[in-house]
Amino acid sequence: MSSASRIIERRTINMPMLVKVIGWLLLIEGGFMLIPAVVSLAYSEPDWIAFGASSLLTLGVGYSFNRFIRPERTSMGKREGFLLTALVWVVFSAFGMLPFLVCSSRLDVTDAFFEAMAGFTTTGFTIFPDPDDLSHGVNLWRGMMQWIGGLGIILFTLAVLPMLDHSGGMQMFNAEVTGITHDKIRPRISQTAKSLWMVYVALTVACTAMLWMGPMSLFDSICHAMGTVSTGGFTTKADGPAYWGSTYVYLVITAFMFLGGANFSLIFFCSIGRFFKARENVTMRAYVGIIVSMMLVFIIFIALRTGVNGWEDISVYPLFQIVGVMTSTGYCAPTMHLWGAWASALFVPLAFFGACAGSTSGGAKIDRLIVLAKYLRNTIKKALQPNNVTTVKIDGKVLAPETVDKTIAFLSLYCAVIGTGGILISCLGSPMVDAFYSAFSAVTNLGMTADAMGIGSGISDITSCGRWVLAALMLTGRLEVFTVLILFNPNFWHR
Amino acid sequence: MRIVIAGAGEVGSHLAKLLSNEEQDIVIIDSDHGRLQILDSKYNLLTVAGHPASFRALRDADAAHSDLFIAVMPSEANNIVACAIAKQMGAKCTVARIENYDYMAPANIDNVRSLGVDHLIYPEYLAAQQIVTALRRTWVRQWFEILNGEIMVIGVRIGEQAKMCGMQLKDFAFRHRHFHVSAIKRGHETLIPRGDDHMEANDILYITTTRDHVDDLLSITGKIEHHIRRVLIMGGSKIAIRVVDMAGGDFKFTIVDKNRGVCDMLAQKCPDADEIYCGDARDMDMLSDIGIEHYDAFIALSDSSETNILACLTAKEIGMKKTVAEVEDIQLINQAERLNIGTVVNKKLLASSRIFQLLLDSDSSTSKCLALTDAEVAEMEVKPGSRITRALVKDLNLSHDLTLAGLIRDGKGMLVTGMTQIMPGDHVVVFCLSGAIHKVEKLFN
């Protein structure tokens, strides 16, 4: 086909092809749902019916999309890429909530969708007050949603579906992967996706094994490993990791949260012996640097303000909490509620900027913090010396001015989304502190509620309309704003 | 296959795009960040920033583990250096683009090999070959000979007066058993026709036939063969010099160029050219001064594709029997073909023909390949045990975007029908649409 006729075709969005690909993805999701069904059956819980039925429905819809929709053309461009990526997350949550609607601990549609979206976006908000009451199947499914969403649904499908291994898949990769630039580590997009998933699977398996060696049961280890490496923060106990009260558990989870917050391509390069890549990476250095300096601040504050009741109070717990907030996991250390306002205040910038791009963590990413800092330094320098020619250099390479512009635009949009979200939720009838804190927590995918900080009362005070807004915010935050906001631009739909 | 392309210029970008659509692993190196960013955002490939002939960039691109290393920077010296480094690092096969016949001369080829350059692409040379063929066969658009002409693939545009116009393909095949219509180019589209497709006026048909029946094609398509003697070339480019060098004895060439310096250079470099004029070949006064009515063919080789197309149209109006235009913008090729420009030359397509040949058959030079704007013709040697030999052609369930046109067995050419059984050792001519060449490779290897 020649380029001219391709351009004529591109004027309309290739909906049939989109639906067909979504059909494929639903088949995958339905397949995943069978796992909790089997687990439930093994624990002889009645929930296996809920999972079995949801899985059958998902598989059925996926199959019929695939079977009965025959697109005239298979090409997918930029617009299809954005739309598909955003849609997939919504569709996955819509089908992922099915088990919650019919399982033993039943939820209504609002809460089920909210829970599913909190899972897939690895935010980790939860409707369930006590996960102890949930069946094994439900707990596993919550963990699995986070795990699938952690590295990205699209990235997973790129790795397994060869039909997306062309430029349409490229657009989806760009729409989903986080960060300023999207580094590929191998020539084809499917290979890149496979390598990243290999790293992810390896980390999860290692985390499970190490947790299992400690006091945790295998089931809890698997669920916590999935919540940790994906930096989601769902847990199987009401108290979270504190239930085990074991320093070992905290240390293992801290280590894997740290890895989950690191750039996965760097972990991949380290795994093939190219350690210098990680050593020379500015973001990685900043990541470690911020953790270390925050650690010092926390030790000083805790020693002066809170008091020390044991060596963990100034070592394991603050470290666990700092890494947990930075990587947007949102687990809580047992002594956190004692720390008070200074800690809550310090957590805001930590969660806002999050960890490294290309990781499973949320937030605006340290990469952008570095660009912002260098850009601001240049601006101030220029105020003094207007003729000074300045550039923003990252890893020894000069960033194109458009890239810097895009970063600054991103940060402004990010703040705007948080603010708008907070106002909306307040207007919909929730207390203001809760509204703003949960909007912030949703966009950054942190998933800590205000009650954990001792300044509000958490999800229970958010109205059901507010919960839909939160679900939208979580998605916007996970897809790094542009992918979602671009759909609301009229130019996207008609040209 | 892992392919590293050094240089993201016109040819490099085109190859990267094409090969990435063929599901190959592509790494492209260039020092220009902007160019790489455009490629990176559009195509499924990896980009490496750095000078393509530097050790650092080649290491970053992991040239050591490449199956094919293609150096297509503007400077041939850089290309050869890059190939030499890549080869030393461990690249399996290296290709350098050159712009000088010196490296290709049989006496020097071993020296070039020992430098680490396995194959050479010389687009200007290939273009000159195509132009000379076009001058010898004025009635065809494309002329592709396989194994000394045992099988030929001929691209010809049919007018309204052609007998086959409006005929269904199966009727045509029934009446003319010695011709296989392998592909039809209609407007913007190239299609691999099936039995119930019609042939329409202004289609370009790609017909496969054997040596003995080529001449019958003239009457079937309603074409007349002209004898060319005097040729006017617009633009004293490298291709022009090669054309004159290649066929200066058979034709009388007149070169017209606007630039005085170029004309002086031509006078020294092109002893075989009949006459050289300094001026604008689109200027009517200039043309009548030259005596345009005595010329048979017009070749437009200036830097601008648009100028070339328009100049050819003017030449057609004056009454030239054959026009050839160099059209470097791929988008414009379809337009040019619809405007009835005799033959269109494109260096990028010629270069990719050569690369596809290496892709299909990296170890030997037995296979030939021809890249059209959105389809490829390849000659493949059948290896024992390959999938293609397992059943009769009609039972192979071949994909719809490729067709088997003809084959050569024991040095004798024949056409392929549904009842043909492909044997190991045959040379088969395959047509496939762009993006399907990897399917061909799987069938034959």
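Start in chain B of this predicted model and select domain 1 and domain 4: their C-alpha centres lie 26 Å apart. To make that selection, use 2-121 for domain 1 and 350-444 for domain 4. While you're there, you can colour the other two domains of chain B as well, domain 2 at 141-221 and domain 3 at 230-345.

**Stop 1: where domains 1 and 4 touch**

Zoom in on the contact between the two. Here 14 residues of domain 1 of chain B meet 10 residues of domain 4 of chain B. Which elements supply the domain 1 side? Helix H1 (10-21), strand S4 (68-71), strand S5 (94-97) and strand S6 (119-121) of chain B each give at least two residues to it. Pick out H1(B) in particular, as its five residues are the largest share of that side. Now colour the domain 1 side by residue type: you'll find eight nonpolar, three polar and three charged residues.

**Stop 2: a sheet in chain B**

Next, select strand S7 (142-146) and strand S10 (189-191) of chain B. They belong to an open sheet of five strands, and walking across it you pass S7-S8-S11-S9-S10, with antiparallel pairing. Why do S7 and S10 of chain B each have a side without a neighbour in the sheet? They stand at the edges and have a single partner strand each, so one side of each is left free of a neighbour there. Tilt the view and follow the turn of the strands: neighbours in this sheet are rotated by 20° against each other on average, direction ignored.

Stay at the S7(B) edge and add strand S8 (residues 151-157) of chain B. The two run antiparallel and are joined by five bridges. For one residue pair to click on, try B:Gln142, whose bridge partner in S8(B) is B:Gly155.

**Stop 3: another sheet, with two helices**

Move on to domain 4 of chain B, 350-444. The open sheet to look for has five strands in the order S18-S19-S22-S20-S21 (chain B), again paired antiparallel. Its edges are strand S18 (369-371) and strand S21 (412-415) of chain B; each has a single partner strand, so one side of each lacks a neighbour in the sheet. From one strand to the next, the twist averages 20°.

Show strand S20 (residues 402-409) of chain B beside S21(B), and you have an antiparallel pair with four bridges. Click B:Leu407, then its bridge partner in S21(B), B:Met414.

Now bring in the helices. H14(B) packs on this sheet, touching S18 and strand S19 (375-381) of chain B, and its direction makes about 140° with that of S18(B). Select residues 347-360 to see H14(B) by itself: 14 residues at 1.5 Å a residue should span 20 Å, and the end C-alpha atoms are indeed 20 Å apart. Is H14(B) largely enclosed or open? 14 of its 14 residues are buried, so the rest of the structure largely encloses H14(B).

Then add helix H15 (residues 437-444) of chain B, which lies across S19, S20 and strand S22 (427-433) of chain B and runs at about 15° to S19(B).

**Stop 4: two residues in chain A**

Finish in chain A. Select A:Thr231, in the loop between helix H11 (218-229) and helix H12 (247-260) of chain A. A:Thr231 isn't glycine, yet its phi is positive, near 50°. A:Thr231 is buried, with 35 other C-beta atoms within 10 Å.

Last, jump to A:Asn445, in the loop between helix H21 (432-443) and helix H22 (464-478) of chain A. A:Asn445 also has a positive phi, about 60°, without being a glycine. It is buried, with 31 other C-beta atoms within 10 Å.

Note on methods:
Residues numbered from 1 in each chain as written. Chains lettered and ligands numbered in written order. Predicted model: local features only at pLDDT ≥ 70, side-chain atom pairs only at ≥ 80, totals over all residues. Domains from an automatic or database assignment. Contact = placed C-beta atoms within 7 Å. Nonpolar A, V, L, I, M, F, W, Y, C, P; charged D, E, K, R; others polar. Pairing = 2+ DSSP bridges. Axes fitted to C-alpha atoms, helices over the stretch in contact; angles between N-to-C directions. Expected span 1.5 Å × (residues − 1). Buried ≥ 20, exposed ≤ 12 C-beta atoms within 10 Å, placed from the backbone.
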